[in-house]
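Reader: Could you help me read this structure, step by step, with the terms explained as we go?

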Amino acid sequence: MRFAVVQFGGSNCDRDVVHAVSDVCGVDCDLVWYKDGITTDYDAVILPGGFSYGDYLRAGAIAARTPVMEGIRRHAAAGGLVLGICNGAQIGAESGLVPGTFTTNATPKFICRPVCLRVETTASPFTRLYREGEVIRVPIAHKEGRYVASPEVLARLNAEGRVAFRFCDADGNVIPAANPNGAAENITGVLGGPAKNVLCLMPHPERASEEVLGSADGRRIFLGMIRSIEEAGPGA
Amino acid sequence: MMKYTAKITIALKEGMLDPEARAIQHALANLGFSTGFLSTARIFIITLEAENEEAAKAEAERMCERLLANPVIHRYEVEVGA
């Protein structure tokens, strides 16, 4: 089993994600420079956080249109796992891996702090190791993380169980006061792909993957991916 | 081929929350300015070569569709001059 973490100019969480996958979860993980493309058959591709292309134009907009993303879109369309974290989520949305977009926070400033998330579905490779309705604690660090989508898209996401995480309070209540960035319906994790095999989320699970970091709640996202790949078996 | 200049304006769709505009409006209010409505937009000035004005406009619109605008939140306007 092998994961790839795609490194763009301006990525800055790439090595943290490699650490979480390889050292914490024990799976081989390559750091792949975006210009080198995805040439190996990876079991999972992760788009890490950071400020690709300096957030010029819109966060994630330019990275989303680099050639490496064509291979990642094919990987996702074939059911391969793709995880976009923070800037990676913005890139994923800009490249159409999930519907909607992540844009400027309702209060236009950078917010960096732990938040509570409610797990909305366990029917995905990324959320299978949580309990439905479980409240987890994972940090956010973004200025452009407000999820926006049309009413039709929101209705479809809800109907198809494609909302993975919503901001909530410590008791799991999804309320405006627990919504740090003004996201539509408190949504901050969206599932895409034919088999919910794509997750784009603004919070940073790699920053909550070990107890020493204050929370290990994010680790189960990676472990769930690994479990799904193991179950699919070699060559799947 | 002729040289044209395209002026592309990218703005938020009507009804979209514009947090920066709201912050600017507050700042103007603090300076004693009263504003009814304030929105922000981004303008790109691009020179390009095309067969004619229509082709130049169509090319600029493709740039909006492919990169400059995000259709989820943006609308755009293209003006082309010689």
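Reader: Which residue stands opposite Gly84(A) in S11(A)?
Author: That residue is Cys200(A), which lies in S11(A). The name S11(A) follows a simple scheme, in which helices (H or I, at least four residues) and strands (E, at least two) are DSSP runs, numbered from the N terminus. Please keep in mind that this is a predicted model, in which local features need pLDDT of at least 70 and side-chain atom pairs count only at pLDDT 80 or more, while totals for chains, interfaces and linings use all residues. Residues are numbered from 1 along each chain as its sequence is written, and chains are lettered from A and ligands numbered from 1 in the order in which they are written.

Reader: OK, and in which sense do S4 and S11(A) pair?
Author: Strand S4 (residues 81-85) of chain A and S11(A) pair in the parallel sense, over four bridges, where two strands count as paired if DSSP finds at least two bridges between them. Another bridge into S11(A) joins Leu83(A) to Leu199(A).

Reader: What about S10(A) and S11(A), how do they pair?
Author: S10(A) and S11(A) pair in the antiparallel sense, over four bridges, and Gly192(A) has Val198(A) in S11(A) as its bridge partner. Their hairpin has five residues between the strands, and Gly193(A) in this hairpin takes a positive phi near 85°.

Reader: Are the residues on the two faces of S11(A) buried or exposed?
Author: Val198(A) and Cys200(A) on one side are buried, and so are Leu199(A) and Leu201(A) on the other, which leaves both faces of S11(A) covered. A residue is called buried if 20 or more other C-beta atoms lie within 10 Å of its own, exposed if 12 or fewer, and partly exposed in between, with the C-beta atoms placed from the backbone.

Reader: What's the strand order of the sheet?
Author: It is an open sheet of nine strands with mixed pairing, in the order S2-S1-S3-S4-S11-S10-S9-S6-S7 of chain A. Strand S2 (28-33) and strand S7 (135-142) of chain A are the edge strands, each pairing on one side only. Neighbouring strands of this sheet are turned by 25° against each other on average, direction ignored; axes here are lines fitted to C-alpha atoms, for helices over the stretch in contact, and angles run from 0 to 180 degrees between N-to-C directions.

Reader: Which strands does helix H1 of chain A touch?
Author: Helix H1 (residues 14-24) of chain A packs on the sheet and touches strand S1 (2-7), S2, S3 and S4 of chain A, and the direction of this helix makes about 160° with that of S2(A). Contact means that the C-beta atoms of two residues, placed from the backbone, lie within 7 Å.

Reader: Back to the loop after S10, what is the phi of Lys196(A)?
Author: Lys196(A) has a positive phi of about 50°, although it is not a glycine. Most residues other than glycine have a negative phi. Lys196(A) sits in the loop between strand S10 (187-192) and strand S11 (198-201) of chain A, and Lys196(A) counts as buried because 21 other C-beta atoms lie within 10 Å.

Reader: Where is Asp55(A) found?
Author: Asp55(A) is in the loop between strand S3 (44-47) and helix H2 (68-77) of chain A, and its phi is positive too, near 60°. Asp55(A) is partly exposed, because it has 18 C-beta neighbours inside 10 Å.

Reader: And what is Ser124(A) in contact with?
Author: Leaving aside its neighbours within four places in sequence, Ser124(A) is in contact with Ala164(A), Leu191(A), Lys196(A) and Leu199(A). Ser124(A) belongs to the loop between strand S6 (111-119) and S7 of chain A, and it is buried because it has 25 C-beta neighbours inside 10 Å.

Reader: Switching to chain B, how many helices and strands does it have?
Author: Chain B has two helices and three strands, which follow the pattern β-α-β-α-β along the sequence. The radius of gyration of chain B, taken over C-alpha atoms, is 16 Å, well over the 12 Å that the globule rule gives for 82 residues, so chain B is more spread out than a compact globule. That rule is 2.2 Å times the number of residues to the power 0.38.

Reader: How many residues of chain A are in contact with chain B?
Author: There are 15 residues of chain A in contact with eight residues of chain B.
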